[in-house]
Amino acid sequence: MVLEGELTNIGQTLASIDAASEPCPTLRQKFPHLAWICCDASDMTHTPFRRFGQFDLHLLDSGAQCAQITNDPERATGIVLAKRSAMS
């Protein structure tokens, strides 16, 4: 489960990181109970759950046999953080 307050804190963390930095190590430290996958936004075909600056945030549900993207924060066990390039 990803709580609304956690989503707010994730957004605040992303806003405080400069564009050249890699935010995943910081986010893994701050939210160790969540699985984190970081990738380029071009790797994702789903509509983001939220957008924070240059990042698309997708919720990951790994509770079933196969991990999948979900829009339900109560089912989410992790985050896929996709960085958009300046061109997208």
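Which residues are linked in a network of salt bridges? In this predicted model, the answer is Arg51, Asp56 and Arg84. Let's start there and then walk through the other charged pairs and the cysteines.

Within that network, arginine 51 and aspartate 56 make a salt bridge whose closest N and O atoms sit 2.8 Å apart. The two partners live in contrasting surroundings: arginine 51 is exposed, at 55% relative accessible area, while aspartate 56 is buried, at 6%.

Searching the whole structure turns up 4 salt bridges. Side chains of opposite charge can pair when their charged atoms come close. One of these bridges joins arginine 50 to glutamate 4, with 3.0 Å between the closest N and O atoms. Arginine 50 belongs to strand 2 (residues 50-52) and glutamate 4 to helix 1 (residues 4-16), so this contact ties together parts that are 46 residues apart in sequence. Both ends have some access to the surface: arginine 50 is partly exposed at 26% relative accessibility, and glutamate 4 is partly exposed at 46%.

Next up is aspartate 61, which forms a salt bridge with arginine 75; here the closest N and O atoms are 2.7 Å apart. This pair also links distant parts of the chain, 14 residues apart: aspartate 61 is in strand 3 (residues 55-61), and arginine 75 is in the loop between strand 4 (68-70) and strand 5 (78-83). Aspartate 61 is buried, with just 3% relative accessible area, whereas arginine 75 counts as partly exposed at 43%.

Now for the cysteines. A disulfide is a covalent bond between the sulfur atoms of two cysteines, and this structure holds 1 disulfide. Cysteine 24 and cysteine 38 form it, and the model puts their sulfur atoms 1.2 Å apart. The bond links helix 2 (residues 24-30), home of cysteine 24, to strand 1 (residues 35-40), where cysteine 38 sits, and the two cysteines are 14 residues apart. Cysteine 24 is buried at 2% relative accessibility, but cysteine 38 is partly exposed at 30%.

What about cysteine 39: how far away is the nearest cysteine sulfur? That sulfur belongs to cysteine 38 and is 7.6 Å away, and cysteine 39 is in no disulfide. As for cysteine 66, its closest cysteine sulfur is in cysteine 39, 18 Å off, which is too far for a bond. Cysteine 66 is exposed, with a relative accessible area of 58%.

Note on methods. Residues are numbered from 1 along each chain as its sequence is written. This is a predicted model: local features need pLDDT of at least 70, side-chain atom pairs count only at pLDDT 80 or more; totals for chains, interfaces and linings use all residues. Side-chain values use heavy atoms; hydrogens and water are left out. A salt bridge is a side-chain nitrogen of Lys or Arg within 4 Å of a carboxyl oxygen of Asp or Glu. Helices (H or I, at least four residues) and strands (E, at least two) are DSSP runs, numbered from the N terminus. Buried means under 20% relative accessible area, exposed over 50%, partly exposed in between (1.4 Å probe, protein chains only). A disulfide is a pair of cysteine sulfur atoms within 2.5 Å.
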